Amino acid sequence: MTEPRHVIVVDLGYGDAGKGTIVDWLCATRPVTTVIRFNGGAQAAHNVVTPDGRHHTFAQFGSGTLHGVRTHLSRFMMVDPLALAAEAAHLVELGVAAPFELLTVDRRALLTTPWHRAANRARETARGDDRHGSCGMGVGETAAFALTHPDLAVRAGDTASPATLARKLYAVRDALTAELGPLDAPPVAAVAEAFRWFGTAIRLVSSSRQALRGPCVFEGAQGVLLDEWRGFHPYTTWSTTTFDNAETLLAETGDGAALRLGVVRTYTTRHGAGPLVTEDPRLTAALPERHNAHGRWQGAWRAGHFDAVAHRYAVEVCGGVDALAVTHTDVAERHELKMCLSYERLDRIVPGERGDLAYQEKLTQTLTAATPVYTGPADVGEVLTAPIAVTSHGPTWRDKSRVRT
């Protein structure tokens, strides 16, 4: 059977399952021309470590950049030009001569401004003990502003028109400061200058069609259990984290099928507030993460045993997966890991209607009160009824093993 030309990589948990390292492996072992980002924004943190010890946390560039693979930021991305410039500077330090020459951006992609970021942090601070666990990068504010003020939302294509760009930046600043008070952000003129530079430094395109001329890897952000419609409200992201956006881009070009690859760890983790039924403080203490510590805005890094109930729900609301990538398989060699196949009086999380956030909030309440029922270790592929395509026992692409089925 011929392998599909493209691969879509989606995290089936709460994020942090290892999407970046799997994309890095795919780009090292397959003929990939472009990594396409299809959701989220600068809050992504996909850690890649090379066999020679270099490390980069990919946020907006694709995780194949260190292999020379191009990145395309689709119209579903929320692009932060200032954060992108900082990321490019670090890539240069790692030996990528001209990162922006490897990048294309859809003109329709929303731009995250310093006022979006400041507003995000102001709202989280105001929530006090009821924080949602936001990354504090302004991605949700960018999406919310575009829904409320569609004609004033700043898009990548606006950087080509100084007058349009300035008008929209003033509108964003004025609307958010009128609602929240003074926000910690640079003057509009300085932001406009930086955004205009961004518009000339990268290549703007009108669709994803050109990016799809060769084999692609679609790199998702966050995880299905944080999805804006399917996640456990309100501890979610303002982004569709399932396969949907990637498949929409493929359908628009008629470019054929893609392998739907779901990523999970051998144990379940979460960064920040929200339900984590299998949370075990002893496991959290035993498995610290060098690149995933307590975050000022996200909150605590948390770990628990493998939650098959939640991951089966993720597979279901995704419409199924073709294969799995299982990361951190080496952890089982050092620690006793358990498997949660059901909760007390509940063995399935029943999906609601897409868009019914009241129902998703009830699920959150249910999971917050749920008690896990544990068994010993079990085969993740059998539990999630999908074949395992690759396992990972370390941070580099050489630490991956393809599973032949």
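User: Two strands pair if DSSP finds at least two bridges between them; with that in mind, which strand do 6 bridges join to E1?

Analyst: This is a predicted model in which local features need pLDDT of at least 70 and side-chain atom pairs count only at pLDDT 80 or more, while totals for chains, interfaces and linings use all residues. Residues are numbered from 1 along each chain as its sequence is written, and side-chain values use heavy atoms, with hydrogens and water left out. Strands (E, at least two residues) and helices (H or I, at least four) are DSSP runs numbered from the N terminus, and E1 spans residues 6-11. Valine 9 of E1 stands opposite leucine 261, and the strand joined to E1 by 6 bridges, in a parallel arrangement, is E11 (residues 258-265).

User: Which residue is the bridge partner of valine 9 in E10?

Analyst: Strand E10 (residues 216-219) runs parallel to E1 and is joined to it by 3 bridges. Within E10, the partner of valine 9 is glutamate 219.

User: Are the residues of E1 buried or exposed?

Analyst: In a regular strand, side chains alternate between the two faces of the sheet. Here His6, Ile8 and Val10 point one way, and Val7, Val9 and Asp11 point the other way. Taking under 20% relative accessible area as buried, over 50% as exposed and values in between as partly exposed (1.4 Å probe, protein chains only), the residues on both sides are all buried.

User: How are the rings of phenylalanine 100 and tryptophan 197 arranged?

Analyst: Rings of Phe, Tyr and Trp (its six-membered ring) pair if their centres lie within 6.5 Å, and planes under 30 degrees apart count as stacked, over 60 as edge-to-face and the rest as tilted; the whole structure holds 5 such aromatic pairs. In this one the centres are 5.5 Å apart and the planes stand at 75°, so the arrangement is edge-to-face.

User: How many residues apart in sequence are the parts that this pair ties together?

Analyst: Phenylalanine 100 is buried at 16%, whereas tryptophan 197 is partly exposed at 46%. Because phenylalanine 100 lies in the loop between H2 (81-93) and E7 (103-106) and tryptophan 197 in H6 (residues 188-201), the separation in sequence is 97 residues.

User: Which residues does aspartate 330 contact, leaving aside neighbours within four places in sequence?

Analyst: An unreviewed UniProt entry annotates His328, Thr329 and Asp330 as "binding site"; its positions follow the numbering used here, feature names are shortened, and annotations may be inferred rather than shown by experiment. Aspartate 330 is in the loop between E15 and H10 and counts as buried at 18%. With contact meaning heavy atoms within 4.5 Å, its partners are Ser392, His393 and Gly394.

Terms used:
Two strands pair if DSSP finds at least two bridges between them.
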